[in-house]
Amino acid sequence: MPVPPSRPSSLLTILEPHRETDPVCGMSVDPAHASGSLVHAGTTYYFCARSCLIRFRANPEVYLSPDAIRHDCAQSTPAAPGQTYICPMDPEVVQSAPGSCPICGMALEPSQPTFQAGPDPEWMLLSSRLRWAVVLGLPVFVIAMLGMLPSSATMQWLHANMSWLNWIQLLLTTPIVFYCGWPFFERAWKSILSRNPNMFTLIALGVGTAYLYSLLATIIPGQFPTSFHMQAMNTSPEAPVVEPHFAPVVEPYFDSAAVIIMLVLIGQLMELRARQATGEAIRSLLSLTPPKARLWHPSGREEEIALEHVLVGDQLLVRPGETIPVDGFVLEGTSDVDESMMTGESLPVEKHPGCSLLGGTTNGSSPLLFEAQHVGTETMLARIIASVSEAQRTRAPIEQLVNHVSRYFVGTVVLVALAAWAGHSMLGGPEGWQRGLIHAVSVLVIACPCALGLATPMAVTVGMGRGARMGILFRNAEAIETLRAIDTLVIDKTGTLTLGQPELTAIFPETGFDESTVLQWAAAVELGSEHPLSKAIVAGARAKNLTIEMAHEIQTAPGLGIAGQVQGHGIQIGNARFLEQAGLKTDQWQKASSQQQDGQIVIHMAIDQQPAATFLLADQVRPSAAEMLSKLRGQGLRIVMLTGDRRSTAAHLANKLGITEVIAEVLPDEKAAAIAELQQQGRFVAMAGDGINDAPALARANVGIAMGTGTDVAIQSAAVTLVKGDLSGIVRAMELSQATSRTIRQNLILAFGYNAICIPVAALGWITPMWASAAMSLSSVSVILNSLRLRR
């Protein structure tokens, strides 16, 4: 306990205001201007900064002990838990620093999303390595391709100058291998240490063997069998004889090492780009909350504090148009709050004392004082972010299959290469071990998984290009693979099946009133409001070419209605509660009193305290919705509507569209739970939505489909985006998914089939490393050409 202040001993002390000591940092604090206070064990403590209050609240006894150590205010905020990095393919791999997975070799991802976007160091480094690989590797590739030209003069020139050309290739390829390709050797070494051979093990073996063979061929060509000297390769009777008056030269395979590294770097950059797109969704969600909040002190003083300093129980002020920082409940004030991004409710919701508020939603036209109830990771928005982050940490099943097969494939290739070396050494005579080494090199070079690495990304790239031209954007390979297999389509209502904007559908004037007049006068009053219903009434009047003049003495009641003067007449427009407060009973309106039960929104209008008209508004169904749902049902898909809107409104729309399953009045995390429940039933689920409230469900589904007209968070959380917001794009996307998945499997068959045929051929010595390299390139070309068929 702090020592009570001593009695004043001088007139100066008497005149000074009473001060307290901050128990965390020891500073003297004026209670009237303290940044915060806290009652503990019956004693009130005052703090100079919110950071001190946060630290004290976490563990008060530490600071009240006699031997407590005072902390500097700047360091008083408790340190955030250390960031960890997790493997998306093998979640059991968790490290405290960035790196690669020792099992599969993939780059680790942060387990906790952060708002800092900034340049990605990994992207910059890989891009730099690729640029150097292209600049240095292009001359090497050109030199190698000259030997493929059907020109005897070119061949003769190469044979005569190959000795110094080999040294040039060595100088150019060495930095490619040991700088550009160094990360692959690191990952391969980790895979060996962890006894989990993967694709990078094969890459390192192929590149390393090709480089080592070429290095020896350049430095000590005379130690190779004479049959491998370039003079002995000129066997065509029509070609001029090259006299062996120069030192022996052996054909190197530097181009194989350089090209392999370039192809793998391109693949790594494609994967990194997909991961960055995933991060954009998280950063968009994080940006929904303001960096600061307005703390309201009991003395009436307002203070801006950092969002992370908000504590449960704090009283916060949110002004009109501002974003609500944390979850809580209203203490004072009445306002409309736009919760569409969280609940799916298309209209602003009236909030009055006692009503709950959600962080990330937008306040309407009046200030609100509320008490913080959930802060930090406990808010609804934070739970959405965590849900999206966890659900997106996945990879395509076919990619997992390739990595699983490659673990056995690596060992098989190494054993075949060793067997080829041993066999030729025992049976090949005096030069058998040298020939065996060459044939082992052929096995490792021909088995390098370039075609295997291109099989999926090449088909995906072409498929994405075609989809983009059709207005369909696929985010990753998993979406393309799994979309074709879905058997259940879950669709959000607001903004997906509907346009998400209320529209005036009917007007019922009371006896003695004209429809055009009441609409014109109603629009004159509503012209002064930004409420979606007001805009719908104004749009309805303009659609009928009515002249609209601004009303006078406009008064708004948030969440209730609006009033004003038009041509000397008092106009009141609003819901039943608003008109009852004006002394009118809703049963005085004889028309359309039951329409809201059928999904309509009912707005009453009074002129000079007399019932004048009833306006009906509704969220309009997308023109393509009925036709699209009919086609999907014809394909055997199970259709489920999932919405946060009222059950009666959802049921009305479902009946209209022929949807038999409806899940309504659910919060964002409950939407994700509904998706998970369907998946537990063995269903392959696609989710179509457009709002922030749909983000967890979009990420949890096997395939998330976002409307391009929806929020950025929904688009970035979804695996498929329909740019035009046209629901018929779902059918086209499924057809494209089937074609792309079929091409991926064809590519994998080509790649594995190529290895199954060529590895035995190389092991038997029927092919040299040069032709092994050519065959390897041919396999890649076959995969590329097969993928390009998707463009048709």
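A salt bridge here is a side-chain nitrogen of Lys or Arg within 4 Å of a carboxyl oxygen of Asp or Glu. With that in hand, let's look at this predicted model, where the count comes to ten salt bridges.

Three of the pairs are set out below.

| Pair | N to O distance | Places |
|---|---|---|
| K671 and D694 | 2.6 Å | helix 21 (residues 668-680); loop between strand 27 (685-689) and helix 22 (695-700) |
| K544 and E515 | 2.7 Å | loop between helix 17 (532-543) and strand 20 (552-557); helix 16 (residues 515-526) |
| E661 and R638 | 2.8 Å | strand 26 (residues 661-663); strand 25 (residues 638-642) |

Where do K671 and D694 sit, buried or exposed? K671 is buried, with a relative accessible area of 0%, and D694 is likewise buried at 0%. Salt bridges with shared partners also join R294, E302, E304, R319 and E322 into one network.

K544 is partly exposed at 46% relative accessibility, and E515 is partly exposed at 32%. Their salt bridge ties together parts 29 residues apart in sequence. E661 counts as partly exposed too, at 29%; R638, its partner, lies 23 residues away along the chain.

Now for some helix packing. Helix 19 (residues 625-634) meets helix 24 (residues 729-763) at an angle of about 35°, and their axes are 9 Å apart. M628, K631 and L632 of helix 19 make this contact with I730, V731 and M734 of helix 24. Five of the contact residues are nonpolar, none is polar and one is charged.

Finally, L171 belongs to helix 5 (residues 152-180). L171 is exposed, because its relative accessible area of 65% is over 50%. Its C-alpha atom is 9.9 Å from that of V140, 31 residues apart along the chain.

Notes:
Residues are numbered from 1 along each chain as its sequence is written. This is a predicted model: local features need pLDDT of at least 70, side-chain atom pairs count only at pLDDT 80 or more; totals for chains, interfaces and linings use all residues. Side-chain values use heavy atoms; hydrogens and water are left out. Axes are lines fitted to C-alpha atoms, for helices over the stretch in contact, and angles run from 0 to 180 degrees between N-to-C directions. Helices (H or I, at least four residues) and strands (E, at least two) are DSSP runs, numbered from the N terminus. Contact means heavy atoms within 4.5 Å. Ala, Val, Leu, Ile, Met, Phe, Trp, Tyr, Cys and Pro count as nonpolar, Asp, Glu, Lys and Arg as charged, and the others, Gly among them, as polar. Buried means under 20% relative accessible area, exposed over 50%, partly exposed in between (1.4 Å probe, protein chains only).
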